[in-house]
Amino acid sequence: MAVHWCMSDDKPHAAGNVDTGDTSERVGMAVLRERGLEPEELREKLIDAIGAEFTTYYYYTNLRMHLAGHEDYKEITEDARLEDRAHFELVAPRVYELGGSLPNDIREFADRASCPDAELPVPYETEGPELDELSAEAILEVLLEAERCAIRTWSEICDMTHGVDPRTYDMAQRILQEEVEHEAWFVELLSMERDGEINPAGHFVRGEPGDAPYSTNRRFNDSA
Ligand SMILES: [Fe+2]
Ligand SMILES: [Fe+2]
């Protein structure tokens, strides 16, 4: 005679705290709560963090354009710019998986960004920026401090998720790897530009502009 095991003994993960077929709850959130991480708090922090990635992508466009005469600086800034877009793209779906949504209003999104605006470091008059006051040195300093804010942001998210939320942790640590590289690039460039000092980043060009070797999601999802 066949022995019929109770399903919960045989397949311990077949059911849990979320009712069968209930789409108003997510097991992907419940398991975080069970491990002591509030998914709502995490996802709001993620929105702030990718708000900074998205606005930095915008601001770096303007900074890069004003590095005229420094093709090497422009190229490196372009890599950092495109990789910030990749960081936004990587994490945006995670906000929805955690039951959240992107702000409908881009102004709200920009305002809640977790890093300061990486603005062109000169006064802006109605006709535009006062370009005779602008220097590559000042732009490199803005770039450097933006990368440092990103390192602090993604380190905090790594700390929140380590050992609790492997999916968010994986994303955050990939982004952090690139932010640490970005800081090293701008340390090297600013050291030479401002102080005439050699301070190597160990960096050579990305294979393609904005290659995002750690954070891009295109290698496992061509449609993203
Ligand atoms: Fe970034
Ligand atoms: Fe960066």
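How far apart are the iron ion (ligand 1) and the iron ion (ligand 2), and which residue coordinates both? The two ions are 3.7 Å apart, and the shared residue is Glu-179.

This is a predicted model, in which local features need pLDDT of at least 70 and side-chain atom pairs count only at pLDDT 80 or more, while totals for chains, interfaces and linings use all residues. Residues are numbered from 1 along each chain as its sequence is written, chains are lettered from A and ligands numbered from 1 in the order in which they are written, and side-chain values use heavy atoms, with hydrogens and water left out.

The iron ion (ligand 1) has as donors Glu-53 (OE), listed twice, Asp-84 (OD), His-87 (ND1) and Glu-179 (OE), at 1.9 to 2.8 Å. Donors here are N, O and S atoms within 2.8 Å of the metal (3.2 Å for Na, K and Ca); water is not among the atoms, so sites may look incomplete. Along the chain these donors follow the spacing E-x30-D-x2-H-x91-E. Glu-53 sits in helix α3 (residues 39-65) and Glu-179 in helix α7, so the pair ties together parts 126 residues apart in sequence. Helices (H or I, at least four residues) are DSSP runs, numbered from the N terminus, as are strands (E, at least two). Both Glu-53 and Glu-179 are buried, meaning under 20% relative accessible area, against over 50% for exposed and in between for partly exposed (1.4 Å probe, protein chains only).

For the iron ion (ligand 2), the protein donors are Glu-147 (OE), Glu-179 (OE) and His-182 (ND1), 2.0 to 2.2 Å from the ion. Their spacing is E-x31-E-x2-H. Glu-147 in helix α6 (residues 136-161) and His-182 in helix α7 (residues 166-195) are 35 residues apart, and the pair links distant parts of the chain. Glu-147 counts as buried because its relative accessibility is 1%; His-182 is also buried, at 0%.
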